[in-house]
Amino acid sequence: MTPEFVAPHLQEVLGLVQGVKCVLSGTETTAYRQREIAAGSVILEEGDRNETIFIILDGTVQLSKVREHEIVEVDRLGPGDMVGLLSFWTGEPALVSVVAQTAVSTLCLSRAEFDRLSTTHPELNRLLQPLIIWNLAERYQRIVHLHSHVATLTRDLEKERNQLRDAYDRLEQASNLLVHREKMATLGELVAGIAHEINNPASALLRSIESLGEQLPGVLERDPRDPGVGVRHRLFVLGLTHSVVSTEEQRVRMAALSETYPHLPRTFIRTLSQLGDEGLALVRGTLEGSAGTGDTGPAEHLLRFFEVGTFIRSMQVSAERIGRLVKSLKSYSRQQSGQYEFVDLRQGIQDTLLIFGNRMRDVSVTLDLADIPKVRCQVGEINQVWTNIILNACDAMHERGVLKIACGREGDSSVWVRIADSGPGIPEELRARIFEPSFTTKTASGTFGLGLGLTIAREIVQKHGGLISVSNAPEGGAVFTVVLPIAPAL
């Protein structure tokens, strides 16, 4: 039954029930009621028992349902539609509420009227059954279309949800990168400030040590009539130029000296083992004299000049090392407000190795740093690349292994830096993801990582117009290669 057939079909039904009314007009029972309902009136309440079927002749009604304290519109019905059909037919409470959206004209049949007319006038069944089937079919079609529409909306919603999740993940990654960069920038400023503060006392210490080393020999030679001046002076100079003796060599020397001078204490023997042949020759006479008397005081007095020299030498080496560390820290942490400058990449690599030398005590570092042109870059950012790769290599080797660093020129336009470790390498299935944000393998090895180090390194390299790649060496271990463009001549 098509919608075009509904109106005349309703007229036929209406004519039939009107004829029935005329036949029954002499009785007290009215066979039908044609009811006019004002807009906004409630025709049927959700949950109520329904004993009446309403056939809409004109107007529109709205079906709604209460869900979680909210009224949800379910459907709208018009001419030819039946209201209360399911609850009337099944006897179950009404599923929805029905409210007249406009002025509505309906044909109302109670259950008793419907049963009596169906029995006494079979032609009414012939007219009502197609109308009922049409109502059910139309509602089923609407349900099918509604389910299809809901499925489409669900897919679109899922797609948008996935896009929103991806956008959130990217936003979170970008936030992490920004936080990390801000921390590194702040750390760089702190390091530069600390390095500057350390540099002043370190420089003063180094100058004082140099002055002390220059003036002490003159103090020792103040009284040339003292025959021991030359010996003391020479022992002091030997201390200043003293080089460290290996443990094995020192052990052999101490054993020999203990046999020669069994009367000397072990601490005395340990100092003598560092003198060398020339120093022993200078104090031999004094040592032999103490063997008969047991008085080691004169020999200890001479050795103090050697020890003073070694102390000054040790302070001088330490001060120089502090100076080198300060210089490397200042170079490593140099940010300069994002300014580009022409730098030698090898210096940045050596500064990074020096700064993290304490962590790399058990790592054997092999350098093959060929002469390469300078590169225009941001020093602090490029040094961060070397830091991330080198520290990752140390983690992979558990801070014990071999680290090989080499560099060279690639044609006339680029330079390359290659950093290889002797760790387990990177599995092939993970190699494609190694530069992804938040991807880390450190949690599996008991260490912690955010998975941002290599992501930041790649971003910095790409920002400088370069490329970074990773592979596994034939003998094992990961190999990172960074290619950067050569800076044009100024």
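Buried residues make up 38% of the 490 residues in the protein. The model is a predicted one, and the protein has 13 helices and 15 strands. Among contacts with a separation of 6 or more, 72% are between residues 24 or more positions apart. The points below address the nonpolar cores, one open sheet, selected helices and the aromatic side chains.

**Nonpolar cores**

- The largest nonpolar core contains 40 residues, and the members that touch the most others are Leu-345, Trp-386, Ile-390 and Leu-403.
- Helix H11, spanning residues 379–396, gives the most to this core, contributing eight residues.
- A second core, separate from the largest, has 18 residues, including Leu-238, Val-283, Ala-299 and Phe-306.
- In soluble globular proteins, nonpolar side chains tend to be buried together.
- With neighbours within four places in sequence left aside, the contacts of Leu-403 include Leu-353, Met-360, Val-363, Ile-390, Ala-393, Met-397 and Ile-419.
- Ser-364, Thr-366 and Asp-421 are also among the contacts of Leu-403.

**The five-stranded sheet**

- An open sheet is formed by five strands in the order E10-E12-E13-E15-E14, with mixed pairing.
- Strand E10 (363–369) and strand E14 (467–472) stand at the edges; each has a single partner strand, so one side of each is left without a neighbour in the sheet.
- From one strand to the next, the twist averages 15°.
- Strands of a sheet pair through backbone hydrogen bonds, either parallel or antiparallel.
- Strand E12 (residues 401–410) pairs with strand E13 (residues 414–421) in the antiparallel sense, over eight bridges.
- Within this pairing, Ala-406 stands opposite Arg-418 in E13.
- Strand E15 (residues 478–485) pairs with E14 in the antiparallel sense, over six bridges.
- Here Ser-471 stands opposite Val-479 in E15.
- E14 and E15 form a hairpin in which five residues lie between the two strands.
- Gly-476, in the turn of that hairpin, has a positive phi of about 105°.

**Helix H13 and the residue after it**

- Helix H13 covers residues 453–463, and its residues Leu-454, Thr-455, Ile-456, Ala-457, Ile-460 and Val-461 are buried.
- A positive phi of about 80° is found at Gly-465, just after H13.

**Ile-269 and its surroundings**

- Ile-269 is found in helix H7, which runs over residues 266–272.
- The relative accessible area of Ile-269 is 1%, and the residue is therefore buried, the cut-off being under 20%.
- Apart from neighbours within four places in sequence, Ile-269 is in contact with Met-254, Leu-257, Ser-258, Tyr-261 and Leu-264.
- One of these contacts, Met-254, is 15 residues apart from Ile-269 in sequence and 6.1 Å apart in space, C-alpha to C-alpha.

**Aromatic rings and arginine side chains**

- The structure holds zero aromatic pairs.
- Arg-111 lies over the face of Phe-88, at 4.5 Å from the ring centre.
- Arg-418 lies over the face of Trp-416, and its distance from the ring centre is 4.3 Å.
- Arg-418 thus appears in two settings: in E13, where Ala-406 stands opposite, and over the face of Trp-416.

Methods:
Residues numbered from 1 in each chain as written. Predicted model: local features only at pLDDT ≥ 70, side-chain atom pairs only at ≥ 80, totals over all residues. Heavy atoms only, no water. Core = buried A, V, L, I, M, F, W, Y, C linked by side-chain atoms within 4.5 Å. Buried < 20%, exposed > 50% of the residue type's maximum accessible area, 1.4 Å probe, protein only. Helix = DSSP H or I, 4+ residues; strand = E, 2+ residues; numbered from the N terminus. Contact = heavy atoms within 4.5 Å. Pairing = 2+ DSSP bridges. Axes fitted to C-alpha atoms, helices over the stretch in contact; angles between N-to-C directions. Phe/Tyr/Trp six-rings, centres within 6.5 Å; stacked < 30°, edge-to-face > 60°. Lys NZ or Arg CZ within 6 Å of the ring centre and 35° of its normal.
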